[in-house]
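Thanks for coming. I have one structure to go through today, and I will keep to one sheet and two surface patches. Please have a look at it first.

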Amino acid sequence: MTTTRQAYGEDNFGFSTEQVHAGEVIDAEFGARITPIYLTAGFLFDSFDHAEARFAGEDGGLVYTRYANPTHTAVEAKLTAMERGVDSLLVASGQAAITVALLGILRSGDHFLSTPSLYEGSKTLFRENFERLGIEVEFVDDPHDLGEWKRRVRPNTRAIYGETIPNPKNDLIDIDLIAGFARAEGLPFVIDSTASTPYLIRPIEHGANIVVHSASKFLSGHGASLAGVVVDGGNFDWAAYPEKFPQFNTPAGGPSRPDSPTLVQKFGRKAYLEYTRLVIAGRFGPVLSPINAFLLQQGLETLSLRVERHCRNALAVATWLEQQPEVVSVDYPGLASNPSHAIALKHYPRGTGSVFGFTLAGGRDAARTVIDAVELFSRMSHMGDVRSLILHPASTSHAHLTDDERDALGIPQGLIRLSVGIEDDVDLLDDLERAFAALRRTPENLARSRHHPTLPLQSSDLVVSAE
């Protein structure tokens, strides 16, 4: 495998083998084993004619890093193999990935449907930024009610959107069900798989058409850089709906070249990704630095090892939290008590990720006490890091909403979001034990303990109350 000039990833090796080898092309001149960082804005042309051919896309060579770079190409090929797609596009962040993925499909006057539980940044992007572009989003109330999906489809509906493991509520969707609906309606299904990664699920194998990731999270794993990726499943028939998707079905050369091929005729199953790369990302310019692409490549090589540990630790923490009397609920599908557990067993046999919320009966004050008392958990607005992180959504990511809006979304003041890392689980539990001990020493909890004897009361509590 170390001498081939062909990119790896076409042999369908096991996941752990592919995450190391897929997409790599060994350097012919120096024999570098790791894909180098190509820090260059542009690429040389041999002649006038060579430059013309490059810009016409006739020889498939590189023109400018805004469109493609050898470091990016290697990482894109690795991600394509890991997700079982046909092509991928790296961009500067997860938010950029969502934006260009949808703008590759949607234009002013279009409408798309979305599952209700999403990362709040995505909702804000759709409701405010997309609305300014003349694109309307509509959120279904029950993602498992096919009748509701059907009722909401309009003549100008052009896409379906969702998340594999919604952040932070973890109310899972049945991907097979929604993908079947989208296919029957002739609509592409775009899904954000950031919280699951291809190690836990490959949405394309369940009927999704386009997968996006905030690669800054689990795919990179170390919280050192931003990145995003769009993966094309190549499994949507754009040519079957020329009126819905004219960008893929009209001459690519424009009105001046009516005899030129359409993108579907020229690129086949990769038509969507080529359009999104050249026309959307290439013109809007959310370019990923080759350095960040290299860091992403390094993270991908250990993805399965990290995610397996993330999931194991998360289940241990969620199980412990469920046993604490101060905890009202734990939103982790890996628990048998969780409403999404049946879908977890169906779609996520390797685990249900490590980002989830739990709600304290004491509300905002209790959340503040616990968050301020932890020492090992980092107070950060990130997720998917090897380090365990903790955050209060109601005062951070969802602070712009009213109390009623937060309650409707299941984001009460007592909700704490965890991103469980890969530390030793015993140390994470010890850290939470200390934080809950601090919670039990607060005057409010001491008072509640007097009225509710089932709440644990420690000897240190008696000292505090005596004072």
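In which sense do β9 and β12 pair, and over how many bridges? The sense is antiparallel, and there are 5 bridges between β9 and β12. One position to put on screen is Phe358, which stands opposite Ile416 in β12. Before going further, note that this is a predicted model.

Now the sheet as a whole. It is an open sheet of 5 strands, and the order across it is β8-β9-β12-β11-β10, with mixed pairing. The edges are β8, residues 327–330, and β10, residues 378–379, each of which pairs on one side only.

Let me walk across from the β8 side. β8 pairs with β9 in the antiparallel sense over 3 bridges. Here Ser329 stands opposite Thr359 in β9. Further across, strand β11, residues 389–391, pairs with strand β12, residues 415–419, again in the antiparallel sense and over 3 bridges. For Leu391, the bridge partner in β12 is Arg417.

Back to β9, since I want to say something about its surroundings. Why is strand β9 described as largely enclosed by the rest of the structure? Because 6 of the 6 residues in β9, which runs over residues 355–360, are buried. The cut-off for buried is under 20% relative accessible area. The side chains split in two directions: Val355, Gly357 and Thr359 point one way from β9, while Phe356, Phe358 and Leu360 point the other way. Both sets are buried. So the two residues I picked out earlier, Thr359 and Phe358, point opposite ways from β9, and both are buried.

Next, the surface. There is a nonpolar patch of about 330 Å², made by Ile37, Leu39, Ile291 and Leu295. Of these, take Ile37, which sits in the loop between α1 (15–21) and α2 (48–55). Ile37 counts as partly exposed because its relative accessibility is 36%.

The other patch is a charged one. Which residues form the negative surface patch? They are Asp425, Asp427, Asp430 and Glu433. Asp425 lies in helix α16, which covers residues 425–440. With a relative accessibility of 32%, Asp425 counts as partly exposed.

To recap: β9 is paired with β8 over 3 bridges and with β12 over 5 bridges. On the surface we have the nonpolar patch that includes Ile37 and the negative patch that includes Asp425. That is what I had for today.

Methods:
Residues numbered from 1 in each chain as written. Predicted model: local features only at pLDDT ≥ 70, side-chain atom pairs only at ≥ 80, totals over all residues. Heavy atoms only, no water. Patch = residues over 30% accessible without salt bridge, like charges linked within 9 Å, V, L, I, M, F, W, Y side chains within 5 Å. Areas by Shrake-Rupley, 256 points an atom, 1.4 Å probe, with all protein chains shown as cover. Salt bridge = Lys/Arg side-chain N within 4 Å of Asp/Glu carboxyl O. Lys, Arg positive; Asp, Glu negative; His and termini not counted. Charge placed at Lys NZ, Arg CZ, Asp CG, Glu CD. Helix = DSSP H or I, 4+ residues; strand = E, 2+ residues; numbered from the N terminus. Buried < 20%, exposed > 50% of the residue type's maximum accessible area, 1.4 Å probe, protein only. Pairing = 2+ DSSP bridges.
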